[in-house]
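Please work through the exercises below with the sequence and the structure open beside you. Each task is followed by a solution that goes step by step.

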Amino acid sequence: QVQLVESGGGLVQPGKSLRLSCVVSGFSLEYYGIGWFRQVPGKDREGVSCDNGNEDSTLNADSVKGRFTISRDNAKNTVYLQMNSLKPEDTAVYYCAARRRSYYFSLRTYEYDYWGQGTQVTVSS
């Protein structure tokens with residue numbers, strides 16, 4: 001019954017913003033940490049941003065620091081990824097994933113147990 005469903009992707013111009021949403025069901029979001037990942041053809045899936053489900057701090061990949069922000073609303077069972085100042089190299093399929101809440105942060109794909117199906121983000125003029 002565990003499900004994660006991403007939405008909000010689309011085609012945007014460089015420099016513009018986009019907000020992705022991840023609605024979870026089948027488990028209590030408050031007990032899980034959430035990570036956002038992205039993947040392009042021919043490359044490994046890479047971590048973008050994550051929380052740990054225990055505190056307000058977050059971890060971001062160097063490539064998106066200062067531009068992307070992860071946030072959550074446990075009452076709405078929803079996690080967000082606010083993406084600002086988008087670049088063509090941000091083009092990818094974006095996935096949200098869940099792992100049991102912890103006291104550390106991780107952008108390692110293998111530490112996440114549940115995955116959404118992804119949403120396409122294309123940054124192009």
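## Aromatic pairs

The model is predicted, and in it Tyr95 counts as buried because its relative accessibility is 13%.

**Exercise 1.** Work out which parts of the chain the pair of Tyr95 and Trp115 ties together, and state whether Trp115 is buried, partly exposed or exposed.

*Solution.* Begin with the burial of the two partners: buried means under 20% relative accessible area, so Tyr95 with its 13% falls in that class, whereas Trp115, at 27%, counts as partly exposed. Next, take the geometry of the rings, which form an edge-to-face aromatic pair with 6.5 Å from centre to centre and 75° between the planes. Then place the residues on the chain: Tyr95 belongs to strand S9 and Trp115 to strand S10, so the pair ties together parts that are 20 residues apart in sequence. Finally, set the pair in its surroundings, where Phe37, Tyr95, Tyr112 and Trp115 form one aromatic cluster.

**Exercise 2.** The structure holds 7 aromatic pairs; describe the one formed by Tyr32 and Tyr114, and find how the two residues are placed along the chain.

*Solution.* The first step is the geometry, and here the centres of Tyr32 and Tyr114 are 6.4 Å apart with 65° between the planes, which is an edge-to-face arrangement. The pair links distant parts of the chain, since Tyr32 is in strand S4 (residues 32-39) and Tyr114 is in strand S10 (residues 114-115), 82 residues apart. For burial, Tyr32 counts as buried because its relative accessibility is 16%, while Tyr114 counts as partly exposed because its value is 31%. A last step looks for charges over rings: Arg100 lies over the face of Tyr32, at 5.9 Å from the ring centre, and the charged end of Arg99 sits over the ring of Tyr104, 4.7 Å from the centre of that ring.

## Cysteines

**Exercise 3.** Decide which cysteines form a disulfide, and explain why Cys50 is not bonded to the closest cysteine sulfur.

*Solution.* The structure holds 1 disulfide, and the partners are Cys22 and Cys96, with their sulfur atoms 2.1 Å apart. This pair links distant parts of the chain, with Cys22 in strand S3 and Cys96 in strand S9, 74 residues apart. The link of Cys22 and Cys96 is right-handed, with 65° about the S-S bond, and both Cys22 and Cys96 are buried. For Cys50, the closest cysteine sulfur is that of Cys96, and because the two sulfurs are 13 Å apart, they are too far from each other for a bond. Cys50 nevertheless counts as buried, because its relative accessibility is 0%.

**Exercise 4.** Describe the surroundings of Cys22, and relate them to the pairing of strands S1 and S3.

*Solution.* Cys22 lies in strand S3, which spans residues 18-25, and it counts as buried because its relative accessibility is 0%. If residues up to four places away in sequence are not counted, Cys22 touches Leu4, Val5, Glu6, Trp36, Asn77, Thr78, Val79 and Cys96. Turn next to strand S1 (residues 3-7), whose side chains alternate: Leu4 and Glu6 point to one face and are buried, while Gln3, Val5 and Ser7 point to the other face and are not. Strands S1 and S3 run antiparallel and are joined by 5 bridges, and within this pairing Val5 stands opposite Val23 in S3.

## A buried aspartate

**Exercise 5.** Where does Asp90 lie, and which residues is it in contact with, leaving aside its neighbours within four places in sequence?

*Solution.* Asp90 is found in the loop between strand S8 (78-83) and strand S9 (92-100), and it counts as buried because its relative accessibility is 1%. With the neighbours within four places in sequence left aside, Asp90 is in contact with Arg38, Arg67, Phe68, Ser85, Val121 and Val123. For the polar contacts, the side chains of Asp90 and Arg67 are joined by one of 2.7 Å. A polar atom of the Asp90 side chain also lies 2.8 Å from the backbone nitrogen of Lys87.

Note on methods: Residues numbered from 1 in each chain as written. Predicted model: local features only at pLDDT ≥ 70, side-chain atom pairs only at ≥ 80, totals over all residues. Heavy atoms only, no water. Helix = DSSP H or I, 4+ residues; strand = E, 2+ residues; numbered from the N terminus. Buried < 20%, exposed > 50% of the residue type's maximum accessible area, 1.4 Å probe, protein only. Contact = heavy atoms within 4.5 Å. Pairing = 2+ DSSP bridges. Polar contact = N/O pair within 3.5 Å; in protein donor to acceptor, adjacent residues only side chain to side chain. Disulfide = S-S within 2.5 Å. Phe/Tyr/Trp six-rings, centres within 6.5 Å; stacked < 30°, edge-to-face > 60°. Lys NZ or Arg CZ within 6 Å of the ring centre and 35° of its normal.
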